[in-house]
Amino acid sequence: MKLYHGSNVEVREPKIIESDRKLDFGHGFYLTSSYEQAERWAVLTCRRRKSGQEIITVFECEEELNNLRVLRFTEPDVAWLQYTANNRRNENATDDYDVVIGPVANDKTQPLITAYFSGLYTEEETIRRLLPQKLKDQYAFKSEAALHKLRFCEVINNG
């Protein structure tokens with residue numbers, strides 16, 4: 001399967017970089033099966049870092065991630081919301097998954113997640129409001145073993 005990484009730089013050799021940003025699935029190398037989502041990530045990364053160009057790096061990956069510990073969320077449900085919320089609070093720092101796959105809590109979902117954090121919405125109400133949003137997917141490769149499953153294909157300069 002093809003996976004896309006959107007950034008402000010080329011990434012021919014992926015690495016897991018610890019960040020102070022609170023990401024949905026914790027520290028990892030993030031990809032998506034959606035080219036459009038990768039384009040959005042590239043634009044946002046250029047804006048946030050105020051440097052570079054909008055670049056999409058394309059990788060091939062086996063669909064079956066054999067011999068890896070994989071956590072897969074097929075839709076935004078309560079388990080996904082709790083896992084994402086815990087990562088955004090930096091409470092899952094010690095999980096031992098190699099790859100986590102699931103929906104992206106993107107800019108449109110952020111107000112809902114914030115309302116959930118503040119106690120305005122219950123888990124069930126937050127999920128009910130998220131379901132119509134047709135969220136794209138994300139793959140967080142969280143270990144060296146996982147990164148070895150990726151094969152670099154090409155770089156596309158969108159900038």
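**Exercise 1. In this predicted model, find which residue in S7 stands opposite Ile 56.**

Step 1. Go to Ile 56 and look across to S7. The residue opposite is Ile 156.

Step 2. Now take the strands as a whole. Strand S3 covers residues 55–61, and 7 bridges join S3 to S7. The two strands run antiparallel.

**Exercise 2. Work out the strand order of the open sheet and name its edge strands.**

Step 1. Set out the order. The sheet has 3 strands, arranged S1-S3-S7, with antiparallel pairing.

Step 2. Look for strands that pair on one side only. These are strand S1 (2–7) and strand S7 (150–157), the edge strands.

Step 3. Check the twist. On average, neighbouring strands of this sheet are turned by 25° against each other, direction ignored.

Step 4. Add the helix. H1 packs on the sheet and touches S1, S3 and S7. The direction of H1 makes about 20° with that of S1.

**Exercise 3. Place Ser 34, then decide: is Ser 34 buried or exposed?**

Step 1. Locate the residue. Ser 34 sits in the loop that links strand S2 (29–31) to helix H1 (35–49).

Step 2. Apply the cut-off. Buried means under 20% relative accessible area. Ser 34 has 9%, so Ser 34 is buried.

Step 3. List the touching residues, leaving out those up to four places away in sequence. Ser 34 touches Tyr 4, Lys 136 and Asp 137.

Step 4. Inspect the side chain. A polar atom of the Ser 34 side chain lies 3.0 Å from the backbone nitrogen of Gln 37.

Note on methods: Residues are numbered from 1 along each chain as its sequence is written. This is a predicted model: local features need pLDDT of at least 70, side-chain atom pairs count only at pLDDT 80 or more; totals for chains, interfaces and linings use all residues. Side-chain values use heavy atoms; hydrogens and water are left out. Helices (H or I, at least four residues) and strands (E, at least two) are DSSP runs, numbered from the N terminus. Buried means under 20% relative accessible area, exposed over 50%, partly exposed in between (1.4 Å probe, protein chains only). A polar contact is a pair of N or O atoms within 3.5 Å; within protein, one must be able to donate a hydrogen and the other to accept it, and residues adjacent in sequence count only if both atoms are side-chain atoms. Contact means heavy atoms within 4.5 Å. Two strands pair if DSSP finds at least two bridges between them. Axes are lines fitted to C-alpha atoms, for helices over the stretch in contact, and angles run from 0 to 180 degrees between N-to-C directions.
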